[in-house]
Amino acid sequence: MRRSLAVGFWTLLCAATAGAQSTARPTLVVLLTVDQMRSDYYDRFKAHLRAGLPRIYERGAVFDEAYQDHGFTETAPGHASLLSGRFPVHTGIATNAQGVNGGAFPVLGGGPADLPASPARFQGSTLIDWMRAADPSVRFLSASRKDRGAILPIGTTKGSVFWFASTGQFTTSAFYADTLPTWVRHFNDRHLPWTHVGEMWSPLYGPGIYPEPDSVPAENGGRDFVFNHVMPRDAAAADTAIMQFPWMDELTLQFGLAGVQELGLGTSRNRTDVLALSLSTLDAIGHRYGPDSKEVHDHIIQLDRFLGAFFDSLYTLRDSTGIVVVLTGDHGMTPFPTIKSPNYPNAEARRVDLAPVWAQAKDRLARANGADSLASFADNILSLNRVGLRRLGLSADSIGLAFGTDVMRVQGVMRADLVSRLTVADTVRDAIARRWLHVFSPTSDTVRMVVTLAPFSYPLATTYASHGSPHDADAHVPLVFAGQWFSPGRRSEFVRTVDLAPTLAAILGVQPTEKLDGHVLSAAIRETALRK
């Protein structure tokens, strides 16, 4: 009954504000980033979604052609693009490996698995900086199961940034604080992961609802790939295991609501605050079971219910007419290449081994005065020390071209591009060239060549379901703006996630402090909501 009343209230509210000419500034911006959320998931599963997701999609401005428009479609660069309005080539966050870990900022109370974390590699500013430049009293909270999911949307600003440690508690690092705030300690003292000890993850609906097979040995490495999935009965083990179960997203949303209350987010009509929550469980489940799995289908249904309860509580705490909700994803997902997908065109997919080609190239370089020490090949990127090679009388571009010729003979390789030559490509029509240029500068002294596998193909070493390529399957994500400042409806124009931050800045009336890659999506904003 409570959910029905809330949905009814939401419907009446949207109808009442559909023609509103409000000039009021939002009191709270809520950014929900669903890790590994493919753009098609809502439509694919919407027959079973009745709570949180329809509230956003059916009443918001929905961009069906939104993309994380860069080459490495991973968590770190995806999150770094959202509130910065800039591509990885400008944020400095090109890959997960170049994300937030390392350095001198240990996790407070973390375990051996919790690496030091900070935004030390992040370059430039974010929406939070632009807002605080206009109003230093702005408050924010960013939280995630992952450290990079919490840190990178905010950039280098110190404040309320928390993530889930292997000890089963939300924490932060020494970059942000010496001790945890009292409210975070109290939340952790509830030991909510322990409430799921021994609990069974069973499908919410009967077997006739799910078209996906539940007997695919390729899932989860051939282990525990059939429902039901059971949490450990040991409390300490549950602290870590919960990260692989749907309830981790519910826990993150509950933490966000606690922060809204304790930090007073959205309590002033004269100030806009920000709540950024990254929901990471879909990524964990997707990697284990793949996008064609019954587990992913059921988790989206579970997530829908968690979001419904979250909105019920948020709109009890705060006036919903003052809230903007943005839903997006940090990257998409590609099916297992060894299984023909019933949903995605991966019939030609294969696993690609480039190690022999690289071994031959290294051998040639070793015979050229030991030039192999000036070259590396990782993540399908050929890096060469151009200055050092020149001292040996060798051309980095010639080496790159020779390597590219060999690579192109391998089945499953689509293209091999010298970064320096990508600038002559038609980057409007050539999405691959454009996305690599959004990661690497053509004047780079080290990165010389990028190798792109055929769509849906994987590197040989990747045995789990994954993402990371510049292809649309990994780049296509949802982008939805909900709130009285936006005109509802589905839109088909091509947009990028870097457009999110300047669009929010436009309705908040704040000015970016640097040049952005993104643009204001003004066609989706009510005319009177644009603030000059």
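**A walk through the helices, sheet and loops**

Asp224 counts as partly exposed, because its relative accessibility is 41%. Asp224 belongs to the loop between β6 and β7. This residue is not a glycine, yet Asp224 has a positive phi of about 50°. Keep in mind that the model is a predicted one.

Stay in that loop for a moment. Asn228 also lies between β6 (200–201) and β7 (229–230). The peptide bond that joins Phe227 and Asn228 is cis. Its omega is about 15°.

Now turn to pairs of helices. Two packed helices are described by the angle between their axes and the distance between the axes. Take helix α10 (residues 247–263) and helix α12 (residues 294–317). Their axes cross at roughly 10° and come within 9 Å. Angles under 35 degrees count as roughly parallel, so α10 and α12 are roughly parallel to each other. Which residues of α10 meet α12? They are Trp247, Asp249, Glu250, Leu253, Leu257, Val260 and Gln261. From α12 come His299, Leu303, Phe306, Leu307, Phe310, Ser313, Leu314 and Leu317. By class, the contact of α10 with α12 holds 10 nonpolar, three polar and two charged residues. In α-helices, residues three or four places apart point the same way, because there are 3.6 residues a turn.

Next to look at is helix α11 (residues 281–289). This helix is mostly covered, with eight of its nine residues buried. Among the buried residues of α11 are Thr281, Asp283, His287 and Tyr289. Leu282, Ala284, Ile285 and Gly286 are buried in α11 too. Just after α11 comes Gly290, with a positive phi of about 85°.

A second helix pair is α6 (residues 127–134) with α18 (residues 500–508). These two pack at an angle of about 20°, and their axes are 10 Å apart. α6 and α18 are therefore roughly parallel to each other. The crossing of α6 past α18 is right-handed. On the α6 side, Leu127, Trp130 and Met131 make the contact. On the α18 side, Ala501, Leu504, Ala505 and Leu508 do so. How many nonpolar, polar and charged residues does the contact of α6 with α18 have? The count is seven nonpolar, no polar and no charged.

Follow the chain past α18. Ala529 sits in the segment after this helix. Is Ala529 buried or exposed? Its relative accessible area is 3%, so Ala529 is buried. Leaving out residues up to four places away in sequence, Ala529 touches Trp485, Ala506 and Ile507. Trp485 and Ala529 are 44 residues apart along the chain. Even so, their C-alpha atoms are separated by 5.5 Å.

The third helix pair runs another way. Helix α13 (residues 355–367) packs with helix α15 (residues 396–407) at an angle of about 150°. Their axes are 10 Å apart. Angles over 145 degrees count as roughly antiparallel, so that is how α13 and α15 are described. α13 passes α15 in a right-handed crossing. In this contact, Val357, Trp358, Ala361, Arg364 and Leu365 of α13 meet Ile399, Phe403, Asp406 and Val407 of α15. The contact of α13 with α15 divides into seven nonpolar, no polar and two charged residues.

α15 also leads to a sheet. This helix lies across β11, β12, β13 and β14. It runs at about 15° to β14. The four strands form an open sheet with antiparallel pairing. In what order do the strands stand? The order is β11-β12-β14-β13. β11 (375–378) and β13 (413–418) are the edge strands, each pairing on one side only. From one strand to the next, the twist averages 15°.

Look at one pair of strands in that sheet. β11 and β12 (residues 381–384) pair in the antiparallel sense over four bridges. Ala378 stands opposite Ile381 in β12. Between β11 and β12 is a loop that holds Asp379. Asp379 has a positive phi of about 55°, although it is not a glycine. Its relative accessibility is 55%, so Asp379 counts as exposed.

One more loop completes the tour. Ser457 has its place between β14 (447–453) and β15 (458–459). With a relative accessible area of 11%, Ser457 is buried. Apart from neighbours within four places in sequence, Ser457 is in contact with Glu348, Ala349, Arg350, Val352 and Gly412.

Terms used:
Residues numbered from 1 in each chain as written. Predicted model: local features only at pLDDT ≥ 70, side-chain atom pairs only at ≥ 80, totals over all residues. Heavy atoms only, no water. Axes fitted to C-alpha atoms, helices over the stretch in contact; angles between N-to-C directions. Parallel < 35°, antiparallel > 145°, perpendicular 65-115°, else oblique. Left-handed = near helix turned anticlockwise from the far one by under 90°. Contact = heavy atoms within 4.5 Å. Nonpolar A, V, L, I, M, F, W, Y, C, P; charged D, E, K, R; others polar. Buried < 20%, exposed > 50% of the residue type's maximum accessible area, 1.4 Å probe, protein only. Pairing = 2+ DSSP bridges.
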